[in-house]
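Okay, thanks for squeezing me in, everyone. I'll put the structure up and then talk you through it.

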Amino acid sequence: MKASELDGSRAKVLAAAFRTWTTVLDDPEPAVARLEIRYPPAWAFATTVSITARQQKRLLGFLRDDLAENRPGNSTPERAATVIDGLLAELAAAGRTRVTTADLAEAAPRIGRSRTWIAAHITDLIDGGRLTETRRPDTFRIA
């Protein structure tokens, strides 16, 4: 590990960037999440930054775009299944109880597989109990 990683300088730069990003916007909305920045090797505390719903949405959008942009050209079925599990966990954490085929198909670039593969994988998720069918076509309850 480099000295800059041990003394937390990279984490402190990241913390300062987040602090600037969250304060420059002067968003009047209340905070909905807190990001805690720590650094190795003992994961010492650097700072905590509160973010609003709008900032959270923008940050998630950036991270999702970055994942889609930097995904491997040929994602394995195992990796794609892991990405879908993560997406379902994100939706559940956001309070969503249902997901549609369109929600998952929209995430195809992030998943790294075709829409056809995603549709077939939905059947596997139903068979495995991760999703349950609802009365609405193409809508599933997250189990």
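I'll go from the overall fold to the cores, and then to one threonine.

First, a caveat: this is a predicted model. For the secondary structure, we've got seven helices and five strands. Going along the sequence, the order is α-α-β-β-α-α-β-α-α-α-β-β. The protein has 143 residues, and 29% of them are buried. On the outside, about 9300 Å² is exposed, with carbon and sulfur atoms supplying 55% of that. And if you take contacts between residues at least 6 apart in sequence, 54% of them join residues at least 24 apart.

Okay, so where is the packing? The largest nonpolar core has 18 residues, and among those with the most contacts inside it are Ile 84, Leu 88, Val 99 and Leu 131. Helices H4, H6 and H7 and strand E5 each give two or more residues to this core. H4 provides the largest share, six residues. Apart from that core there's another one, of eight residues, including Ala 11, Ile 37, Ile 51 and Leu 59.

Back to Val 99 for a second. Beyond its neighbours within four places in sequence, Val 99 is in contact with, among others, Leu 88, Leu 104, Phe 140 and Ile 142.

Now the threonine. Thr 47 sits in strand E2, residues 44-52. Is Thr 47 buried or exposed? Its relative accessible area is 10%, under the 20% cut-off, so Thr 47 counts as buried. Its side chain makes a polar contact with the side chain of Arg 19, at 3.1 Å. Thr 47 also touches Ala 15, Leu 35, Glu 36 and Ile 37, among residues further than four places away in sequence.

That's my tour, over to you.

Note on methods. Residues numbered from 1 in each chain as written. Predicted model: local features only at pLDDT ≥ 70, side-chain atom pairs only at ≥ 80, totals over all residues. Heavy atoms only, no water. Helix = DSSP H or I, 4+ residues; strand = E, 2+ residues; numbered from the N terminus. Buried < 20%, exposed > 50% of the residue type's maximum accessible area, 1.4 Å probe, protein only. Polar contact = N/O pair within 3.5 Å; in protein donor to acceptor, adjacent residues only side chain to side chain. Contact = heavy atoms within 4.5 Å. Areas by Shrake-Rupley, 256 points an atom, 1.4 Å probe, with all protein chains shown as cover. Core = buried A, V, L, I, M, F, W, Y, C linked by side-chain atoms within 4.5 Å.
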